[in-house]
Each structure stands twice: as C-alpha cells, then as structure tokens.
Amino acid sequence: MTNNERIEQLLATYPTDAKAWRGWEPKSSGGLRPIAKPNKPLSKWLKHANKELNNIYPNWPTFMHGGLKKHSYVTHARPHVNKPCVITIDVKQCFDSISTQHVADCLERELVISKKLAEQLAKRLCFKGAVAQ
C-alpha cells in the first residue's frame, strides 16, 4: 500500500463529530498556557493518526521528542545533564507560529504524499490554523 493510500484511509476515518476548543493550563512559572482540547472522538482519531504516521515514517529527527514513543521532555533533557553550561530559551507562541501550511509542506516532503492529501491531513492535525499545544 502506498503512503497516499494509507493517508487516504486515515482521512476516511476522521470522525464527523470531531471538535476541539481552546483551554488553559497553569504554567509552573505562573500564568496560563493555551492548549487545544479535543473531544473524545477527535482524541481517539489523533492517537490513531499518531500511530499510523509513526508506522509510515519511523525515522523522525533525533531532536524530536513530542508525540514519539519512548520520547519525552525527560529524554530531551537527559543529554544536557551535568553539562557545564546549559542555556534554555522559551519561544513565545512557538506552536502558534507553525502554520497549517508549514505542516502540510513537511508532510508532503517527508511522507512523499500528494499536496492535496498533505493539506487535508494538516488541516485535521492543526487547530485554528496552527500546531496545537
């Protein structure tokens, strides 16, 4: 089965009652962080999509940790432990700065799928035109 066919199958299972809304989560530094909250059908589909995308493209870059099995903020931080100097930067509105079009371009390039399918998939993976946090 081609990647285009696999993505077509994935898109065919997108729930008709999928919904998401903006919620707020407290930051450890104070204040609130905006997050996207999917309803149960969408949450279930997103987990399925994550699994399918990892099957199609198992060799994600080593710097990626979010949404990948056996990867987390802990595995991201581990190589930096006991280093003489570690610099951290908080990029304001990082997720909001990655547009649906950026995601579509990446999906088309990395999964080698049609532009149309990449755009359809990106639209379903993003929230209000950007990567959801």
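On the surface of this predicted model, Ile 87, Ile 89 and Val 91 form a nonpolar patch, and together these residues have about 360 Å² of accessible area. The protein chain as a whole has 5 helices and 2 strands, and the points below go from that patch to helix 5 and then to the overall fold.

**The surface patch**
- Ile 87, one of the residues of the patch, is found in the loop between helix 3 (73-77) and helix 4 (100-111).
- Because its relative accessibility is 69%, and exposed means over 50%, Ile 87 counts as exposed.

**The two sides of helix 5**
- In helix 5, which covers residues 115-125, the buried residues include Leu 117, Ala 118, Leu 121 and Ala 122.
- When the helix is seen down its axis, the buried residues of helix 5 fall within an arc of 130°, so they line one face of the helix.
- An α-helix has 3.6 residues a turn, so residues three or four places apart point the same way.
- Lys 116 and Lys 123, by contrast, are exposed on the other side of helix 5.
- Among the elements that cover the buried residues of helix 5 are helix 1 (3-12), helix 2 (40-56) and helix 4.

**The chain as a whole**
- Read from the N terminus on, the elements of the protein chain follow the order α-β-β-α-α-α-α.
- The C-alpha trace spans about 50 × 30 × 25 Å along its principal axes.
- The protein chain has 133 residues, of which 25% count as buried.
- The protein chain exposes about 9,800 Å², and carbon and sulfur atoms supply 56% of that area.
- Of the contacts in the protein chain with a separation of 6 or more, 53% are accounted for by residues 24 or more positions apart.

Methods:
Residues numbered from 1 in each chain as written. Predicted model: local features only at pLDDT ≥ 70, side-chain atom pairs only at ≥ 80, totals over all residues. Heavy atoms only, no water. Patch = residues over 30% accessible without salt bridge, like charges linked within 9 Å, V, L, I, M, F, W, Y side chains within 5 Å. Areas by Shrake-Rupley, 256 points an atom, 1.4 Å probe, with all protein chains shown as cover. Salt bridge = Lys/Arg side-chain N within 4 Å of Asp/Glu carboxyl O. Helix = DSSP H or I, 4+ residues; strand = E, 2+ residues; numbered from the N terminus. Buried < 20%, exposed > 50% of the residue type's maximum accessible area, 1.4 Å probe, protein only. Arc of directions from axis to C-beta. Contact = heavy atoms within 4.5 Å.
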